[in-house]
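Trainee: Hi, could you walk me through this one? I'd like to get a feel for the fold before I set anything up.

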Amino acid sequence: MKIFSRCYMALIYIILYTPIIVLMLISFNGSASTASVDGFSFRWYAELFSRSDVFDALKNSLIIATLSAVISTVLGTAAAVGLGKMRSRAMKNTVDTINNIPMMNPEIVVGISMMLLFVAVFAMFGDTMTLGFGTVLIAHITFNLPYVILNVTPKLRQLDKHLSEAALDLGCTPVQSFIKVELPNIISGVISGFIMAFTLSLDDFVITYFVSGAEFQTLPVLIYNITKKPVKPDIYALFTLLILTIFVLLIISNVISARGDRKLKGGKGVK
Amino acid sequence: MNKKSLMRSLPVIPNLVWGIIFIVLPLVFVLYYAFTDFDGNFTFANIIGLSDYAQTFLLSVSMSVIATVICVLVAYPMAYFISKAGPQKGKILLFLVLIPMWINLLIRTYSMMAILDDEGFLNSILTALHMGTVRIVGTKGAVIFGIVYDFFPYMVLPIYTVMSKLDKSLIEASSDLGCSKIQTLFRVILPLTKSGIISGVTMVFVPSISTFYISQKLGGGTFDLIGDTIERQFSNPTTYNIGAAISLVMMVLILLSLFIMNKFAGDDTDEAKGGMMP
């Protein structure tokens, strides 16, 4: 049984990682064709760094991810706080349902539905505006919102309700009580919500594809457009760099969270 | 609602307004486009015209069902073995399954092209060995493999989450009471991890039925899935109405199947979704 389970897992990992590893190897192959091996070279990396479209798209992606993560974190945290204090059950369910639609719906429907709205509104204003930066930003804020709320809500539930009541009794305004009492206690949820929003935004292709128009490209949309035609290996170099970046970031975040766990356990031991 | 409780829920207002404008209103537009023609007149023609796409719907549904079933069959033992490996080792083994989830789907799909394409890695090995070439890209099998490959981590994660919380004493009890290992699996472990399977199925089935990149690349453009059809309708303003009708039907189809599935599962699927957080 032990041997069987080990072989099974090994086989799955081999299937999962072979395409990714082959892709990385091809990016270091000097030949222009994937069918012939021409020795180790950084040729495609040099060609990649001379492409301005890749850097423009990367810049767009980072700007959209940062802005949409900041805005959705502010909106989402406020919403989570408000939802926690809301008395009316029906009202709370309505807001929750609306927020959850983009998570349940297939991405393609979210994308085309927003595109239809934007196109219709633009037509009303005589087509002086087009799909682009603004519409992509709005779309990203929209699909990020539920994930921020999802991250903040559990932290709010753990919070002692009497704390903010005490702050109000002692003369804090609601805003002061939020900043001085609630926010420091839920900050870890707010930060993880922000990080999740940022990564979801960087990663999104389908929704962005429908609302980005012809001029504005994020990195995933650029990759889609490039891979429509037969590609040169400089794209494999781009993929390799992206994969390596993700790999490094994942390892760093795991090491940090493992350290946090250990600290937590240590603290409990002392107590 | 009195004034005080209105004040309390004030922070929800921006979110609610945003949701109505950018989530609900767009869906109203889908409905509107689906039931009007290009000039804005009310019509059933788009919905009736969908019979032309019956073949595409059938193909999409059957391919994503097959892919989802394969995903369950492959991911379940994987999750089981990982949960058996102990907490320390299990963490690393799970991490290895989840890494691909963080790599963009376009890149993962294209990485398969590098191997399976007519001039790809596999065929160049076969040619070097004088074994001729195989044509993989362009077949339905390639697309199904692509879906399974791309969404596999989303199936392992929720199953593993439920399985790792499983009370070990239940398994001991079942073997004490005379169950064989196989009986324990089918009569104890499987029913208790059903909620994990259901949220895994949701997470794989919904994106796979609406995919268009995987079928464009690995299908080589030889056949269309619903996603491809929708994508094409929306690249030309004159066919937005048909596109909206197809999207509407697909959305209803998906929501209906999720609803039916959740009926079978009861309410305990939320717990498994909690496992989404890394």
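**Chains, core and contact**

Mentor: Happy to! Chain A has eleven helices and zero strands, where helices (H or I, at least four residues) and strands (E, at least two) are DSSP runs numbered from the N terminus. This is a predicted model, in which local features need pLDDT of at least 70, side-chain atom pairs count only at pLDDT 80 or more, and totals for chains, interfaces and linings use all residues. Residues are numbered from 1 along each chain as its sequence is written, while chains are lettered from A and ligands numbered from 1 in the order in which they are written.

Trainee: And how many helices and strands are in chain B?

Mentor: Chain B has 15 helices and zero strands.

Trainee: What about the radius of gyration of chain A?

Mentor: Chain A has 24 Å, whereas a compact globule of 271 residues would be near 18 Å. That radius is taken over C-alpha atoms, and the globule rule is 2.2 Å times the number of residues to the power 0.38. Along the principal axes, the C-alpha trace of chain A spans about 75 × 65 × 35 Å.

Trainee: Which domains does the assignment give for chain A?

Mentor: Domain 1 (1–41 + 236–271) and domain 2 (52–232), with bounds that come from an automatic or database domain assignment. Their centres, taken over C-alpha atoms, are separated by 29 Å.

Trainee: Where's the largest nonpolar core, then, relative to those domains of chain A?

Mentor: That core has 134 residues. It is a set of buried Ala, Val, Leu, Ile, Met, Phe, Trp, Tyr and Cys residues joined through C-beta atoms within 7 Å. Domain 1 and domain 2 of chain A both give residues to this core, so it lies between them. Helix α8 (residues 140–164) of chain B supplies the largest share, 14 residues.

Trainee: Which residues have the most contacts inside the core?

Mentor: Met115(A), Leu116(A) and Val211(A) are among them, and so is Ala75(B). Ala75(B) touches Phe152(B), Met155(B), Val156(B), Ile159(B) and Gly200(B), leaving out residues up to four places away in sequence. A contact here is a pair of residues whose C-beta atoms, placed from the backbone, lie within 7 Å.

Trainee: Changing topic: how many residues does each chain put into the contact?

Mentor: Chain B gives 58 residues and chain A gives 59. On the chain B side, helix α2 (residues 13–34) gives the most, with 15 residues. By class, that side has 44 nonpolar, twelve polar and two charged residues. Ala, Val, Leu, Ile, Met, Phe, Trp, Tyr, Cys and Pro count as nonpolar, Asp, Glu, Lys and Arg as charged, and the others, Gly among them, as polar.

Trainee: I picked Asn100(A) at random. Buried, exposed or partly exposed?

Mentor: Asn100(A), in helix α4 (residues 89–104) of chain A, counts as partly exposed because it has 15 C-beta neighbours inside 10 Å. Buried takes 20 or more other C-beta atoms within 10 Å, exposed takes 12 or fewer, and partly exposed is in between, with C-beta atoms placed from the backbone.

Trainee: Last one: which element of chain B has the lowest mean pLDDT?

Mentor: Helix α15 (residues 269–273) of chain B, at 45, while α8(B) has the highest, 95. pLDDT is the predictor's confidence in each residue, from 0 to 100. Over residues 269–278 of chain B the pLDDT is below 50. Where pLDDT is low, the predicted coordinates should not be read in detail. For the complex, the predictor gives an ipTM of 0.87 and a pTM of 0.89.

Key. Contact = placed C-beta atoms within 7 Å.
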